[in-house]
Amino acid sequence: MPEIRPIKDLRNTTEISKLCYESKEPIYITKNGYGHLVVMSMETYEEKLAKAELYEKLAEAENQIKNGEKLLDAEDVFKSLRDRYVK
């Protein structure tokens with residue numbers, strides 16, 4: 001369940017920081033009863049950013065398939081990567 005806190009709770013930075021790291025979820029901050037900010041740990045931010053990038057790449061790949069673009073063979077791609085980076 002999302003954690004929702006009023007903006008005045010940001011005065012206690014230690015508590016908010018601890019909550020961010022323990023919950024591993026964003027903390028929603030309200031101002032005058034309305035959504036205002038989202039606070040999260042760097043770890044959570046990086047995970048969410050990585051997921052968003054992955055979803056973007058998957059959507060791009062699906063569009064390439066829909067449009068009939070030439071696809072690469074996975075075995076050829078991995079062989080090429082091994083040849084380039086594994087010595």
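**Close-up views of a predicted model**

**View 1. Pairing of strand 1 with strand 2.** The bridge partner of E3 in strand 2 is I27. The path of the chain leads from strand 1 through helix 1 to strand 2, a β-α-β crossover that is right-handed. Strand 1, residues 3–6, pairs with strand 2 in the parallel sense, and four bridges join them. The coordinates shown here and in the views below belong to a predicted model.

**View 2. The largest nonpolar core.** Five residues make up this core: I16, L19, C20, I27 and I29. Two or more of its residues come from helix 1 (13–23), and two or more from strand 2 (27–31). Helix 1 is the element that gives the most, with three residues. In soluble globular proteins, nonpolar side chains tend to be buried together. I27, the strand 2 partner of E3 in the bridge of View 1, is among the residues of this core.

**View 3. Surroundings of I16.** I16, a member of the largest nonpolar core, is shown with its contacts beyond four places in sequence. With those neighbours left aside, I16 is in contact with R5, D9, L10 and V39. Two of these partners, R5 and D9, are themselves joined by a salt bridge between their side chains.

**View 4. Salt bridges around R5.** The side chain of R5 meets that of E3 in a salt bridge, with an N to O distance of 2.9 Å. The side chain of R5 also meets that of D9 in a salt bridge, at 3.3 Å from N to O. R5 is classed as buried because its relative accessible area is 16%, and the limit for this class is under 20%. E3 has 29% relative accessibility and is therefore partly exposed, a class that lies between the buried limit of under 20% and the exposed limit of over 50%. In the bridge between D9 and R5, both residues are buried. A network of salt bridges links E3, R5 and D9 with E15.

**View 5. A salt bridge along helix 1.** K18 forms a salt bridge with E22, and the closest N and O atoms are 3.9 Å apart. Both residues lie in helix 1, where they are four residues apart, about one turn of the helix. K18 and E22 are both exposed, whereas D9 and R5 in View 4 are both buried. The structure holds six salt bridges, among them the pair shown here.

Conventions. Residues numbered from 1 in each chain as written. Predicted model: local features only at pLDDT ≥ 70, side-chain atom pairs only at ≥ 80, totals over all residues. Heavy atoms only, no water. Core = buried A, V, L, I, M, F, W, Y, C linked by side-chain atoms within 4.5 Å. Buried < 20%, exposed > 50% of the residue type's maximum accessible area, 1.4 Å probe, protein only. Contact = heavy atoms within 4.5 Å. Pairing = 2+ DSSP bridges. Right-handed = clockwise from strand over helix to strand, strands pointing away. Salt bridge = Lys/Arg side-chain N within 4 Å of Asp/Glu carboxyl O.
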